[in-house]
Amino acid sequence: MTFAILGRTALFATRRQATAAAASQQAKRRMGSAAAPEWTGIDKVVRGYFPKDEQLVVAISGGYFGLFLLYKIKSAISGSPEEVAAPVVVAAPASSSGDIPDVDSEEFGAFLESEENVMKFVASIEK
């Protein structure tokens, strides 16, 4: 055997030993949790009634839902004011003084039959 082959074999053996040693030194996780926190102030009072986080979330959500229900019940009891009828808008009569009628109106087709009116319409578009 040559020295190159011996050197390479020794290098691989050293690497295998280092890898095995590193793997055995890793911390093993047992999926435990930390100690329960010490609550103070208002948190201590609230956590006396709702010790779990899930219970606290449900209590807060229920509080907001209760406020929403109170608002809706109050609105239903007080009632809404009577709706005022909207004033009826009467369409203005079409003027025959040479104004251009609306494109959606029935009069527009009759308006475009005259060459003079077509030129008036084209002039208004170019402005």
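Where in the protein is the place of Pro101? Hold that thought for a second, and let me tell you what we're looking at.

This is a predicted model, so local features need pLDDT of at least 70 and side-chain atom pairs count only at pLDDT 80 or more, while totals for chains, interfaces and linings use all residues. Residues are numbered from 1 along each chain as its sequence is written, and side-chain values use heavy atoms, with hydrogens and water left out.

Okay, the overall picture. We have five helices and zero strands, and reading along the sequence gives you α-α-α-α-α. Helices here are DSSP runs of H or I with at least four residues, strands are runs of E with at least two, and the numbering goes from the N terminus. Of the 127 residues, 4% count as buried. Buried means under 20% relative accessible area, exposed means over 50%, and partly exposed is in between, using a 1.4 Å probe and protein chains only. The accessible surface comes to about 12,000 Å², and 62% of that belongs to carbon and sulfur atoms. Those areas come from the Shrake-Rupley method with a 1.4 Å probe, and for residues only the protein chains shown count as cover.

Back to Pro101, then. Pro101 sits in the loop between H3 and H4, and Pro101 is buried, with a relative accessible area of 17%. What is Pro101 in contact with, leaving aside its neighbours within four places in sequence? That would be Glu107, Phe108 and Phe111, where contact means heavy atoms within 4.5 Å. Pro101 and Phe111 are 10 residues apart in sequence, and their C-alphas are 7.5 Å apart in space.

That brings us to the rings. The structure holds three aromatic pairs. The rule is that rings of Phe, Tyr and Trp (its six-membered ring) pair if their centres lie within 6.5 Å; planes under 30 degrees apart are stacked, over 60 edge-to-face, and the rest tilted. Phe108 and Phe111 have ring centres 6.3 Å apart and planes at 25°, so that pair is stacked. They're three residues apart in helix H4, residues 107-111, which puts about one helical turn between them. As a general point, an α-helix has 3.6 residues a turn, so residues three or four places apart point the same way.

Both Phe108 and Phe111 are buried, with Phe108 at 10% relative accessibility. Phe108 also pairs with Phe121, this time edge-to-face, at 5.2 Å centre to centre and 70° between the planes. Phe108 is in helix H4 and Phe121 is in helix H5, residues 115-126, so this pair ties together parts that are 13 residues apart in sequence. Phe121 is partly exposed, with a relative accessible area of 22%. Put the ring pairs together and you get a cluster of Phe108, Phe111 and Phe121.

Now let's move to the other part I wanted to show. How many salt bridges does a search of the whole structure find? Just one, with a salt bridge being a side-chain nitrogen of Lys or Arg within 4 Å of a carboxyl oxygen of Asp or Glu. The partners are Asp53 and Arg47, at 2.8 Å from N to O. Arg47 is in helix H2, residues 42-49, and counts as buried at 14% relative accessibility. Asp53, on the other hand, is partly exposed at 48%. Leaving aside neighbours within four places in sequence, Arg47 is in contact with Trp39, Lys52, Asp53 and Leu56.

Last stop, helix H3. H3 has 26 residues and reaches 38 Å from first C-alpha to last, close to the 38 Å expected at 1.5 Å a residue; that expected span is 1.5 Å times one less than the number of residues. Just after H3, Gly79 takes a positive phi of about 70°.

And there's a nonpolar patch on the surface, formed by Phe65, Phe68, Leu69, Ile73 and Ile77, with about 520 Å² of accessible area together. Patch residues have over 30% relative accessible area and no salt bridge; like charges are joined within 9 Å, and nonpolar side chains (Val, Leu, Ile, Met, Phe, Trp, Tyr) within 5 Å. One of the patch members, Ile73, lies in H3, residues 53-78, and Ile73 is partly exposed at 48% relative accessibility.
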